Amino acid sequence: MKTKFFLFSAIAVIMVSCFGGPAANVDGVEPIEGFKNYKDACSAARFDVAHRFLAQMEEDVFNASKVAEAEEYIFRQELTYLVSMGDEQSINRIIFLFKQNDIDKSKLVEYCDDAIDLAISMGNDLMVDRLVIAYPDKDFTRTICDNIAAYYANNQVKFRDFLLQNLSSANVRSLAVTYCTENNDKDLFSKMMAVAPNMSTDEAALKLWAKFDYAGFEKQITTIIGDAAKQLPTMPATGMIKSDHYGELDGKYQEYIDGVKKYNNVVINVISILVEVGKRDVAASMVNKVKPNLNCANLGDWCTVVEKSTNSSVYNAFQVTADNTEDIKTAKQLLL
């Protein structure tokens with residue numbers, strides 16, 4: 001009899017362990033202040049409670065896979081709620097959320113875009129302005145740039161300020177050049193060049209500069225090309241080069257190739273613009289500014305190619321030579 005009772009008790013303990021007991025809810029967390037789970041809490045705007053549910057889930061190994069989903073849900077719900085409130089306190093809370101949370105940048109940009117779009121739909125100027133200021137790394141997406149441009153369509157002063165204050169963003173620079181071109185806005189373009197001189201490496205910006213102020217553009221050609229040259233990495237060794245143990249060339253070779261390509265593109269853009277405005281003589285003098293790049297040919301196993309042995313190795317032999325045929329050809333074709 002005692003043996004039967006012992007077996008029954010053991011089975012009961014195992015069943016409770018396996019099925020979680022009567023108090024556990026479907027999310028594997030205990031109710032908090034009358035709420036069943038984090039979604040329940042978010043529906044009531046009790047985000048403090050939602051985060052307490054999240055803390056419970058983080059402690060439960062069986063909920064590990066659900067934590068990221070819960071974090072995103074809570075963040076989006078709180079962000080939407082705060083934007084809908086729209087007051088100064090809510091704006092400050094949004095800025096705090098962006099700074100406080102350890103969120104992947106691409107995801108943070110997505111959240112910020114959503115918040116700006118919602119603020120735009122509500123016509124909340126203050127919210128839009130503050131979110132623009134807090135935008136992650138000022139790396140605005142093209143979509144949000146277009147949405148902001150449409151929002152400020154009837155307020156050119158504010159739109160121009162947005163452009164001037166965010167020229168570190170490639171998408172904002174592109175939008176600004178397009179705006180200046182379409183509106184023949186020489187004044188704004190002049191201010192842009194003063195605020196962001198790095199725009200001189202942008203082909204569209206250079207064309208606009210030559211159109212608005214050719215004399216100033218021509219005076220700065222040497223500086224433009226010189227500044228681009230300063231960004232070039234040091235040229236690595238040429239000749240027969242031994243690879244790393246993965247059979248690849250050191251990364252500095254590709255870095256140099258990419259750098260020269262970027263520099264040559266600046267020179268070629270300048271030549272193209274000079275030809276476009278009828279200054280072929282000046283353009284011809286720029287062709288010799290094109291720099292040689294590297295050609296890296298993989299000749300095969302180092303032991304076979306260089307040591308002339310029958311052994312094999314993990315190393316490859318690369319013949320690295322200076323070669324600039326392609327870019328020079330492109331530059332010269334512009335003069336035809």
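Where is the place of Asn324? The legends below get to that residue after a quick look at the whole chain.

**Figure 1. Overview of the predicted model.** This one is a prediction, so read every view with that in mind. The protein has 336 residues, and 38% of them count as buried. Its secondary structure adds up to 17 helices and three strands. If you take the contacts with a sequence separation of 6 or more, 60% of them come from residues 24 or more positions apart. The accessible surface runs to about 19,300 Å², with carbon and sulfur atoms holding 54% of that.

**Figure 2. Asn324, in the loop between strand 3 and helix 17.** Here is the answer to the opening question: Asn324 sits in the loop that links strand 3 (316-323) to helix 17 (325-333). Its relative accessible area is 11%, and because buried means under 20%, Asn324 counts as buried. So what is Asn324 in contact with, leaving aside its neighbours within four places in sequence? The list is Asn264, Val290, Lys291, Pro292 and Asn293. For one of these, Val290, the C-alpha atom is 8.2 Å from that of Asn324, with the two positions 34 residues apart along the chain.

**Figure 3. The buried face of helix 7.** Helix 7 covers residues 125-133, and its buried residues include Met127, Val128, Leu131 and Val132. Look down the helix axis and the buried residues fall within an arc of 130 degrees, so they line one face of helix 7. The general rule behind this kind of pattern is that an α-helix has 3.6 residues a turn, so residues three or four places apart point the same way.

**Figure 4. Arg160 and its partners.** Arg160 belongs to helix 9, which spans residues 156-165. Its side chain makes a polar contact of 3.2 Å with the side chain of Asp187. Setting aside neighbours within four places in sequence, Arg160 is in contact with Asp187 plus Tyr179, Asp185, Leu188 and Lys191.

**Figure 5. A nonpolar patch on the surface.** Which residues form the nonpolar patch? They are Met240, Leu299 and Val306, and together they have about 220 Å² of accessible area. Leu299 comes from strand 2, residues 293-301. Is Leu299 buried, partly exposed or exposed? With a relative accessible area of 41%, Leu299 is partly exposed, because that term covers values between the 20% limit for buried and the 50% limit for exposed.

Definitions and conventions
Residues are numbered from 1 along each chain as its sequence is written. This is a predicted model: local features need pLDDT of at least 70, side-chain atom pairs count only at pLDDT 80 or more; totals for chains, interfaces and linings use all residues. Side-chain values use heavy atoms; hydrogens and water are left out. Patches are made of residues with over 30% relative accessible area and no salt bridge: like charges are joined within 9 Å, nonpolar side chains (Val, Leu, Ile, Met, Phe, Trp, Tyr) within 5 Å. Accessible areas come from the Shrake-Rupley method with a 1.4 Å probe; for residues, only the protein chains shown count as cover. A salt bridge is a side-chain nitrogen of Lys or Arg within 4 Å of a carboxyl oxygen of Asp or Glu. Helices (H or I, at least four residues) and strands (E, at least two) are DSSP runs, numbered from the N terminus. Buried means under 20% relative accessible area, exposed over 50%, partly exposed in between (1.4 Å probe, protein chains only). Contact means heavy atoms within 4.5 Å. The arc is that of the directions from the helix axis to the C-beta atoms. A polar contact is a pair of N or O atoms within 3.5 Å; within protein, one must be able to donate a hydrogen and the other to accept it, and residues adjacent in sequence count only if both atoms are side-chain atoms.
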